Amino acid sequence: MLRVEKLAFAHPRQTVPYEFSLLAHAGEVTAVSGASGSGKSTLLDLLAGFLVPISGQIELDHENLVPLPPEQRPLSLLLQSESLFEHLSAASNIALGLPRHTLKAEQRQKIAAALAEVGLDGLGNQQAGTLSGGQKQRVALARTLLRARPVLLLDEPFSALDDETRVVIRELVRTLTVRHRWHTILVSHHANDVETLASRRYVLRDGQLLAI
């Protein structure tokens with residue numbers, strides 16, 4: 001279980017700190033919604049280690065994550081933009097999720113398996129810049145698979161997709177979350193995303209994260 005307890009943070013000139021508390025279970029999507037500027041991105045940055053809290057705890061299965069730098073935290077972050085290198089192939093982008101010294105044969109095997117799992121079998125050699133928006137998100141998810149980290153942070157990951165593609169990728173996220181027992185945290189303005197995916201829901205109001 002991922003537990004965030006009384007995690008406090010204030011930006012410069014912010015008089016009243018944010019305070020975040022939430023629970024996220026393995027195999028479930030936990031959604032966080034709220035108005036623009038309510039603190040959703042601040043919460044994700046704290047979880048990812050990009051910001052240092054004033055106080056509070058972030059624990060995964062009783063391990064304290066607060067002292068860990070971003071690169072050592074057991075999580076992956078998927079943004080609205082897929083963060084792909086467009087001049088590289090899909091396979092080369094996915095390979096970035098593997099440890100540096102992975103043998104070539106093992107790389108090929110794992111990349112092929114990840115491509116198959118996200119429905120891109122046979123597209124490994126295609127340049128990322130030529131892929132559709134939905135295919136790019138699938139590549140980003142395949143890279144997440146190879147990182148094999150138990151927490152997935154999603155920051156408006158479907159916003160750039162058309163309605164049909166959005167439904168397909170949303171279902172893929174649900175399937176992968178359940179299959180790999182990820183603790184998935186979804187930040188979204190879109191009610192359909194939250195209603196369709198979330199097992200637990202929170203809303204940010206007046207700097208407080210409230211269960212709904």
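This is a tutorial dialogue on reading helix H4, its packing partners and a few single residues in a predicted model.

Me: How many residues does helix H4 have, and what distance does it reach from its first C-alpha to its last?

Reply: Helix H4 covers residues 133-147, which is 15 residues, and it reaches 21 Å from its first C-alpha to its last, close to the 21 Å expected at 1.5 Å a residue. Just after the helix comes Ala148, whose phi is positive, near 55°.

Me: Is H4 largely enclosed or largely open, and which of its residues are buried?

Reply: A residue is called buried when its relative accessible area is under 20%. By that criterion 12 of the 15 residues of H4 are buried, so the helix is largely enclosed by the rest of the structure. The buried set includes Leu141, Leu145 and Leu146, and it also includes the charged residues Lys136, Arg138 and Arg143.

Me: What covers those buried residues of H4?

Reply: The cover includes two strands, E6 (75-79) and E7 (151-155), together with the helices H2 (90-95), H3 (104-117) and H5 (163-180).

Me: At what angle do H4 and H5 cross, and how should I read that angle?

Reply: An angle under 35 degrees counts as roughly parallel. The axes of H4 and H5 cross at roughly 10° and come within 10 Å, and the two helices are therefore roughly parallel to each other. On the H4 side the contact is made by Gly134, Gln137, Arg138, Leu141 and Leu145, while H5 contributes Thr165, Val168, Ile169, Leu172, Val173, Leu176 and His180. Sorted by class, this contact has 7 nonpolar, 4 polar and 1 charged residues.

Me: What is the arrangement of H3 and H4?

Reply: H3 and H4 pack at an angle of about 130°, with their axes 9 Å apart. That angle makes H3 oblique to H4, and H3 passes H4 in a right-handed crossing. The residues that meet are Lys110, Ile111, Ala114 and Glu117 in H3 and Ala142, Leu145 and Leu146 in H4. By class, the contact has 5 nonpolar, no polar and 2 charged residues.

Me: What should I know about the sign of phi when I look at Lys6 and Arg13?

Reply: Most residues other than glycine have a negative phi. Lys6, however, has a positive phi near 50°, and Arg13 has a positive phi near 70°. Lys6 is placed in strand E1 (residues 2-9), whereas Arg13 is found in the loop between E1 and strand E2 (18-24). Lys6 counts as exposed because its relative accessibility is 52%, and Arg13, at 83%, also counts as exposed.

Me: Where is Asp162, and how is its accessibility classed?

Reply: Asp162 lies in the loop between E7 and H5, and at 45% relative accessibility it counts as partly exposed. Separation along the chain and separation in space are worth reading together here, since the C-alpha atoms of Asp162 and Gly133 are separated by 8.6 Å, with their positions 29 residues apart along the chain.

Me: Which residues does Thr196 contact, leaving aside its neighbours within four places in sequence?

Reply: With those neighbours left aside, Thr196 is in contact with Arg170 and Arg174. Thr196 itself sits in helix H6 (residues 191-197) and, at 32% relative accessibility, counts as partly exposed. Thr196 and Ala90 are 106 residues apart in sequence and 28 Å apart in space, C-alpha to C-alpha.

Definitions and conventions. Residues are numbered from 1 along each chain as its sequence is written. This is a predicted model: local features need pLDDT of at least 70, side-chain atom pairs count only at pLDDT 80 or more; totals for chains, interfaces and linings use all residues. Side-chain values use heavy atoms; hydrogens and water are left out. Helices (H or I, at least four residues) and strands (E, at least two) are DSSP runs, numbered from the N terminus. The expected span of a helix is 1.5 Å times one less than its number of residues. Buried means under 20% relative accessible area, exposed over 50%, partly exposed in between (1.4 Å probe, protein chains only). Contact means heavy atoms within 4.5 Å. Axes are lines fitted to C-alpha atoms, for helices over the stretch in contact, and angles run from 0 to 180 degrees between N-to-C directions. Angles under 35 degrees count as roughly parallel, over 145 as roughly antiparallel, 65 to 115 as roughly perpendicular and the rest as oblique. A crossing is left-handed if the near helix is turned anticlockwise from the far one by less than a right angle, and right-handed if clockwise.
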